[in-house]
Amino acid sequence: MKRILLILTIIFAFLANGLSAQTGSSSKGIPDSTQSATGAERVQALKVAFITKALNLTSDEAEKFWPIYNLYQDKREAARKQLQLDYKKIKEQADKLSPEEFQKLDEEIVALKVQDAALVSEMNDKLKAVLPPKKLAQLYVAEEDFKKELIKILTEDNKKPK
Amino acid sequence: MQNVKHLLFLLCWLIFIMPASLLHGGVGDSLLPGNFSRTPKQREVRNYIRPCVYTNFYSTGSRAMKSSSNSIPSLLITARLGNYKFITSNIGFYCPLYTHTSFDKNDSSTVNTFHLLMTINGLVDQPQFSGLEKQHKLYKTGLGLRMIYGWNSKFILFVDASPYVVGDKYDKQNTQQFRLASSVVFNWMINPKFSLRGGFTKTFLFGNRHYLPMLGFRIGKLDSKCYFNFQLPRIASINFQPTPKFSWSIYSKAYGGLYNISNTDTLYLFGDSVIQFGQSGFANGIRLDFRPGPNFSFFVSSGFSMRNHVWLFSNSYNKANHLKPFAPFYTGTPDPAMFVNFGITWRFGNAKKSQGNYLMYDIMDLNNTMDPGDNNSGPGNSDIRRAAEKKEMEKVQYKDVVDLIDDTDLY
């Protein structure tokens, strides 16, 4: 009994530290994301299937493409989530923030947008060694088409009687 | 009185320790005033493998024990033991301690990953002999480390060390013994549909101390609707994944272990106070896996356990057997019996994206197959989602994509 509780305590202690390392810090009342875990996973899986089909990736291309693409998507996602937090802060604390704090937020927002562009550029350089120029250009078209497909589904879903 | 004490201890743990440890992980700025205006920094996720806790329960029906030899001592022990039933339950855990992602020096388009994980395992094994007055409750607890290195988009090196302590609750002080199980495996992903594995393992899975080669292959993608997996000496299975939430498999896998038991039953008549109990068999059955989401899954399984063996070893006789398998003073062969097996897996936290990355899928499969503690009862591959189909687009909801869509996308 004591052994089981000791094991569970060690597990929870590591999980607590592991969770804070993995999700990033989050202050009270501001959730990291409104996405459900299942939904986010489904969207990611759909994106992989969509892009693989759109680019007609060969087995060799896919082996190298996805690790690089996923790596930079994670970096871009962290920047995007930080942007969402900044937007939320501006919306919710518009009356409380000082001009200096607004300026700091402005600079941070611009820096994050510049960082996103830099990450796309870096990813593009890495992918040049993996994909031919045509497929690399088609990647960006595929990303936009995927977003449009999602919007189309969501719009159609909104129009359906409930 | 003892039960009341245990219950109070458990309640104190649930009320104080568990919430305290969870809250500590979740709130970094708890001492700062509530109106302190500082935007929390969103950090990039570091690990590919998520922390995982899983539990497993396995039980067979009662069956006759047969002696493998016609010698009188063997027949006497068989008569004393009576019918045999086996129940085991275990809890396992792994958690990444350190992950490093880098581009290959020679080829900057190749991503290499290094993973260092901690593993914890606790197991209770209850062999039940109808002829013995008091049944033994054997335990095994361990803390281990494993290292996984994936490189060149094709290769994986897996190294695991699982030290643990075994003992018998009947006589903890005298039966406790330290053991070490370990494995080194090399995986070559020839292409996403075909993988080869080879390596070596020091294992007690077959009821004795063995140093065995490991050979295996997989045909079919890990996120496809069907794949076949053959990992000698652990498991052979054919897996079907009709939907992301449900999968099933037909399998044959080894089970067993080597434990210390108190000789208060005087099964060994030559003075040992502690003897060793080894058991092994093959569980052949069907398993149904349910995966409601990426964080939680459970399975149920049933079938027949066959080629069962039970051994008893003398501790003092085998002390000189430094590296060789132990020599038994008794070998029993229980009849085949039906078994039931079920388990639950929880996965926590976020991980780096790995969908479409088949080498990472192989890393996860290897990590899940080589379970902590050398029990061959791992958490399953619920961290590898089956590839999406177009019809799943209809289930997408706004909250799942709110981060991806900009207002400029609407024009």
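**Entry 1: the largest cavity**

I began with the character of the walls, and in this predicted model the lining of the largest cavity divides into 10 nonpolar, 17 polar and nine charged residues. I then looked up the volume, which comes to about 620 Å³, and the count of lining residues, which is 36, with B:Asn239, B:Arg287, B:Asp289, B:Gly380 and B:Asn381 lying nearest the centre. Going through chain B by element, I noted that those giving two or more residues to this lining are strand 9 (226-232), strand 10 (235-243), strand 11 (246-262), strand 12 (274-293), strand 13 (296-314) and helix 4 (358-369). Strand 11 of chain B gives the most, with six residues. For context, I recorded that the search of the whole structure finds eight cavities of 30 Å³ or more.

**Entry 2: the second largest cavity**

I turned next to the second largest cavity, which holds about 180 Å³ of space. Its lining consists of 16 residues, and B:Tyr58, B:Thr88, B:Tyr255, B:Asn375 and B:Ser377 are the ones nearest its centre. The elements of chain B that give two or more residues here are strand 1 (52-60), strand 2 (84-103), strand 3 (111-129) and strand 11. I noted that strand 11 of chain B again appears, with the largest share of this lining at four residues, having also given the most to the lining of the largest cavity. By residue class, the lining of the second largest cavity divides into five nonpolar, nine polar and two charged.

**Entry 3: helix 3 of chain A**

I checked the length of helix 3 of chain A, which runs over residues 59-92: at 1.5 Å a residue its 34 residues should span 50 Å, and because its end C-alpha atoms are 48 Å apart, I entered the two values as agreeing. I also looked for bends, and found that this helix bends by about 30° at A:Phe65, with a proline, A:Pro67, following within four residues.

**Entry 4: cysteines**

Which cysteine sulfur is nearest to that of B:Cys52, and how far away is it? I first counted disulfides over all chains, taking sulfur atoms within 2.5 Å as the cut-off, and the count comes to zero. B:Cys52 is accordingly in no disulfide, and the nearest cysteine sulfur, that of B:Cys95, is 10 Å away. I then looked up accessibility: B:Cys52 has a relative accessible area of 0% and is therefore buried, whereas B:Cys226, at 37% relative accessibility, counts as partly exposed, since that class lies between 20% and 50%.

Key:
Residues are numbered from 1 along each chain as its sequence is written. Chains are lettered from A and ligands numbered from 1 in the order in which they are written. This is a predicted model: local features need pLDDT of at least 70, side-chain atom pairs count only at pLDDT 80 or more; totals for chains, interfaces and linings use all residues. Side-chain values use heavy atoms; hydrogens and water are left out. On a 1 Å grid over the protein atoms alone, a cavity is a set of points where a 1.4 Å probe fits but cannot get out, and a pocket is an open set with protein on both sides within 12 Å along at least five of seven lines; lining residues have an atom within 4 Å of a point. Grid points are joined across faces, edges and corners, and a volume is the space filled by probe spheres set on the points. Ala, Val, Leu, Ile, Met, Phe, Trp, Tyr, Cys and Pro count as nonpolar, Asp, Glu, Lys and Arg as charged, and the others, Gly among them, as polar. The expected span of a helix is 1.5 Å times one less than its number of residues. The bend at a residue is the angle between axes fitted to the seven residues ending there and the seven starting there. Buried means under 20% relative accessible area, exposed over 50%, partly exposed in between (1.4 Å probe, protein chains only).
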